[in-house]
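Trainee: Please take a close look with me at one part of this model. I would like to hear what surrounds it, and then a little about the rest.

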Amino acid sequence: MRSSYRARLIGISVLAILAAVAILFYGNPAPAGSRGYWTIVESRMVSVGTILIVAFCHGVGTVVFHAVTNNRILTPSILGFDALYRVIQTGLVFFFGAGAVAASDGLLKVVVQSVLMVAFATLLYGWLFSGTHASLHVLLLVGVVLGMGFSSLSTFMQRLLTPSEFDILTARLFGHISVSNVAYLPWGALVCVIVGAILWRRRHVLDVVSLGRETAISLGVAYRREVVIALVLVAVLISVSTSLVGPMTFLGFVVALLTYQIVGSSEHTRTLPMAAAVGASTLLIAYFILRHLFYAAGLINVIIELVGGLVFLGYLLRKGLR
Amino acid sequence: MITVSNLTKRYGSVHALGPVDLEIPRGGVTALIGPNGAGKSTMLTIIGRLLSGDSGRVEVGDLDVVTADSRELAKKLAILRQENHFVARLTVRQLVGLGRFPHSRGRMRPDDVEAVDLALEFLDLTPLQDRFLDELSGGQRQRAYVAMVLAQQTDYVLLDEPLNNLDMRHAVTMMRQLRRAADELGRTVVVVVHDVNFAAAYADLVVAMVDGRIAHVGPAREVITPYVLTEVFGTPVDVIEHRDRPVAVYYH
């Protein structure tokens, strides 16, 4: 079983590498070896880097999220993350105008946005877990309600925008891998490496936490503390990805589902690396097919969300809310 | 020894437990009996530090369960609740292996592997060890959880209604195995049981609770009597002898 796991992990990683190489070199219009050729390869490398970060964040983040919330349906987006991103973006355009927003693009804005989102998550978890009725269901319910509140707020502000401002805003609210911020990539990668290392060190604790509160406490794990740490780390990952390419609701769900299917068991020693590999290969292959075979780069998020949403619905109908 | 002193617990305005004073000696099987809502599970979960009491103290061995380091406590005391729903997909062996977590912190050494083998063997799970939990019957799954708790190798093992949803055969097997865990492995086993006859047949000490208080404590022969049971359960109970053990009859 161990060897078959290793073979699968290697196989999927090789797929990801092949897809990455294909994205970099397939159909380059400039003559091979010329300066233009390498410029194009370089710009494509930014896309590949972005995809790797986004896939890692959503794949690993969702697997960890599933472990601590003891379910396989909910994704971090349900904690109001996507909605928070939308309300921040809409608020920026609403209060400062489209011109100011376009001018302020850069590392600072991304950092501020990430910090805001993590702070929001930490406050929410901190508050909810310090109360007497600290339960995960309450937390999730509050997440859903806050998410709805944020969405309504965004919709309200969007109604008051001029059509041109609304147009600029809409372009920002859909994720776009091709136009992610280059300056931000190394930082995003660094955060991923750090968070990944912390999670990897805690992988056995995550196994215990996924057995539920009572068993975890009986096994000597400080359950509440571990859950909060894990959720904050997930918040960091998702906010990195969201700041980079915008909201992706179903990507994490699809990657996690595939990971569980491929690995079979739930040990995090196996699911964490596999989630990263599966995430990378899924997103790289999807990007290659859509961008280089169908020339539909702008549609990538829409199609991932469409496919992911359908899989999500199918899963719900087949397995129920468990 | 488990020492409970002056323990109380309320759920909102509902009085659930106490004040309770109780000493459970080391070794043997202790059974907690009583009607629904008597506070048996509440007391057990407080002793197992899954719930905190409103006042009073609980000591297990020489550790106070509230203030002691949870990790150290996990080497002395294990508790198993009746509901164990989780979506993680594990094999029997992986689950039992997690019982070694307080000792191994996830890195299984040879003595951890040995403890897991022993626990699997003890509960006749060796042939099923590579099966996933969701492929097992209810009785087998219950056994796997008990194996996990035994693999933890704690002096004290608390089990909340381990016979729930088990048929006759599996219930008897489970009680026999718990008895053997006490006799052969030297564990102190504390169980909440609904069927007083299992307490009568297997327990050394029986604790009868009513309305959050302890009504009677003593050897099975002293507690499983018509007078005590009729008072505790509030329904006429007769006790007959079978193979030198008292058996309660309460169906009429």
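**A helix and its sheet**

Mentor: Happily! Seven of the eight residues of H1(B) are buried, so the rest of the structure largely encloses this helix. Buried here means under 20% relative accessible area, with exposed over 50% and partly exposed in between (1.4 Å probe, protein chains only). Helices (H or I, at least four residues) and strands (E, at least two) are DSSP runs, numbered from the N terminus.

Keep in mind that this is a predicted model, in which local features need pLDDT of at least 70 and side-chain atom pairs count only at pLDDT 80 or more, while totals for chains, interfaces and linings use all residues. Residues are numbered from 1 along each chain as its sequence is written, chains are lettered from A and ligands numbered from 1 in the order in which they are written, and side-chain values use heavy atoms, leaving out hydrogens and water.

Which residues of H1(B) are buried? They are Lys40(B), Thr42(B), Met43(B), Leu44(B), Thr45(B), Ile46(B) and Ile47(B). After H1(B) comes Arg49(B), with a positive phi near 55°.

Now look at what H1(B) lies against. The helix, residues 40-47 of chain B, lies across S1, S2 and S4 of chain B and runs at about 120° to S1(B) (axes are lines fitted to C-alpha atoms, for helices over the stretch in contact, that is, with heavy atoms within 4.5 Å, and angles run from 0 to 180 degrees between N-to-C directions).

Those strands belong to an open, antiparallel sheet of four strands in chain B, ordered S2-S1-S4-S5 (two strands pair if DSSP finds at least two bridges between them). Its edges are strand S2 (14-24) and strand S5 (63-64) of chain B, each pairing on one side only. Strands of a sheet pair through backbone hydrogen bonds, either parallel or antiparallel.

Inside the sheet, strand S1 (residues 2-11) and strand S4 (residues 55-60) of chain B run antiparallel and are joined by five bridges. To find your way along this pair, start at Thr8(B), which stands opposite Ser55(B) in S4(B).

Finally, a glance at the other chain. Chain A has 13 helices and zero strands, and buried residues make up 54% of its 322 residues. In one helix pair there, H2 (residues 35-69) and H12 (residues 268-293) of chain A pack at about 140°, their axes 8 Å apart.
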